[in-house]
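Dear colleague,

Please find below the structure that I am handing over to you. My findings follow it, grouped by region.

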Amino acid sequence: MATLSEFLAEWHSPDQYVQAHTSGSTGTPKPIRLLKADMQLSARATNSFFSIGEHSVLASPLSFGYIAGKMMAVRAIEAHCALVPLPVSNRIELPDTLPHVDLLPIVPSQIESLLAQPAYAARISHVLVGGAAPSPTQCWALTDAGYRAYISFGMTETCSHVALARADDTTRTFHAMPGISFSTDSRGCLAIEAPHFSFSRLQTNDVVQLIDSTSFRWRGRADGVINSGGIKLFPEELESLYAPVLGGRPFYVCGTPHPVWGQAAILVLEGDADTAAIASALRAAITDTHRLPKEIIAVPSLPRTENGKIRRIDPRKP
């Protein structure tokens, strides 16, 4: 697990690039080289959005081996402000000597820890949730607890986020960072237009509802879509439907081959569960039967990548 000092040594080296890895949520993590100038552009945009300056204090409970942690360091460097590394853990603890934090980045698995510390809401100006999409239930809980939270959309290749959505926005509308605009291809997948960055334009596999050139609503990954009897189901949209019924229980939706429908959506839960009772509750809450899972499976723990992202795979497959 990379440390801040190790990243800083790399950052201050003569090389124009920083080594990073893709997240691995849609396949094996791949090494990638990021231009330092691109990282600086991204950091300046975020600093501007959150009004981060030389008197600000940033804190990070994320590994500096991944883009989210690296970018917190670059934001601090660009703003000439303080950065406090926190233990990399799902349990977030702010030192008593840290009365105020202007920006705290977290991943969804760390949200529960913040909710257990309601007093932190007064000490943290902004929470930035990335790495994976938090559930609507998690967003509501953060907002109700008094946290001013934002959800990020981006990837390692774009040097962190290119768009942000407020956690209290029930429409989950993402708005572009300065200098970024959007379009879609024939599949309805998002294309990121970033003329000031070295990559200039990046085509994604993320299916979106494009609102205008600087805002969109995310539907899900094109490579994860479930074609069930000719109906396209996005696991991410189904998860949003199921979340209010399942509360805070960790879960995900994925596709599996089906002899009749071609593919079927299955719901995978973490821990012991009364699957029959959950199926009944979902039927009562969701009137569109096409959107109900064909099967519910409980497993001891959900498969995750090294940096905590859930991997949407059929747990019965080797």
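Two strands are taken as paired if DSSP finds at least two bridges between them. Please bear in mind that this is a predicted model. In the hairpin of β7 and β8, four residues lie between the strands, and C159 takes a positive phi near 60 degrees.

**The sheet**

This hairpin belongs to an open sheet of nine strands with mixed pairing, in the order β5-β6-β7-β8-β9-β13-β12-β11-β10. Its edge strands are β5 (104-106) and β10 (181-184), each of which pairs on one side only. On average, and with direction ignored, neighbouring strands of the sheet are turned by 45 degrees against each other. As a general point, the strands of a sheet pair through backbone hydrogen bonds, either parallel or antiparallel.

Following the order of the sheet, β6 (residues 127-129) and β7 (residues 149-155) run parallel and are joined by three bridges. Here V127 stands opposite A149 of β7. The next pair, β7 and β8, runs antiparallel with six bridges, and Y150 has R166 in β8 as its bridge partner.

Strand β8 is mostly covered, with six of its seven residues buried. On to β9, β8 is joined by two bridges in the antiparallel sense, and A163 stands opposite A176 in β9. These two strands also form a hairpin, with six residues between them; R172 in the turn has a positive phi of about 50 degrees.

Beyond this, β9 (residues 173-176) pairs with β13 (residues 215-221) over three bridges, again in the antiparallel sense. T173 stands opposite R217 in β13. Strand β12 (residues 200-212) is joined to β13 by six bridges, and the two run antiparallel. Q209 of this pair also stands opposite R217. A hairpin of two residues joins β12 to β13.

**Helices**

Helix α3 (residues 67-79) lies across β5, β6 and β8 (160-166), and runs at about 90 degrees to β8.

In helix α7 (residues 275-285), the residues I278, A279 and L282 are buried. Seen down the axis of α7, its buried residues fall within an arc of 100 degrees, and they therefore line one face of the helix. What covers these buried residues includes α6 (235-246), β17 (262-270) and β18 (295-299). On the face of α7 turned away from its buried side are the exposed residues A276, R283 and A284.

**A buried lysine**

K36 is placed in helix α2 (residues 36-49). Which side chain of opposite charge is nearest to K36? It is D15, 6.1 Å away; K36 is buried yet has no salt bridge. A salt bridge requires a side-chain nitrogen of Lys or Arg within 4 Å of a carboxyl oxygen of Asp or Glu. Leaving aside residues up to four places away in sequence, K36 touches E10, W11, H12, S13, D15, Q16, Y17 and V18.

**Salt bridges**

How many salt bridges does a search of the whole structure find? The search finds 14.

R312 takes part in a salt bridge with E236, at 3.7 Å from N to O. This pair links distant parts of the chain, since E236 is in helix α6 and R312 in the segment after β18, 76 residues apart. R312 also forms a salt bridge with E239, where the closest N and O atoms are 2.7 Å apart. E239 lies in helix α6 and R312 in the segment after β18, so this pair ties together parts that are 73 residues apart in sequence.

As to accessibility, E236 counts as buried at 9% relative accessibility, and E239 is buried with a relative accessible area of 13%. R312 counts as partly exposed, at 36% relative accessibility.

Elsewhere, E193 forms a salt bridge with R201, with the closest N and O atoms 3.0 Å apart. R201 is partly exposed, with a relative accessible area of 43%. In addition, D206, R221 and D223 are linked in a network of salt bridges.

Yours sincerely

Methods:
Residues numbered from 1 in each chain as written. Predicted model: local features only at pLDDT ≥ 70, side-chain atom pairs only at ≥ 80, totals over all residues. Heavy atoms only, no water. Buried < 20%, exposed > 50% of the residue type's maximum accessible area, 1.4 Å probe, protein only. Arc of directions from axis to C-beta. Contact = heavy atoms within 4.5 Å. Axes fitted to C-alpha atoms, helices over the stretch in contact; angles between N-to-C directions. Lys, Arg positive; Asp, Glu negative; His and termini not counted.
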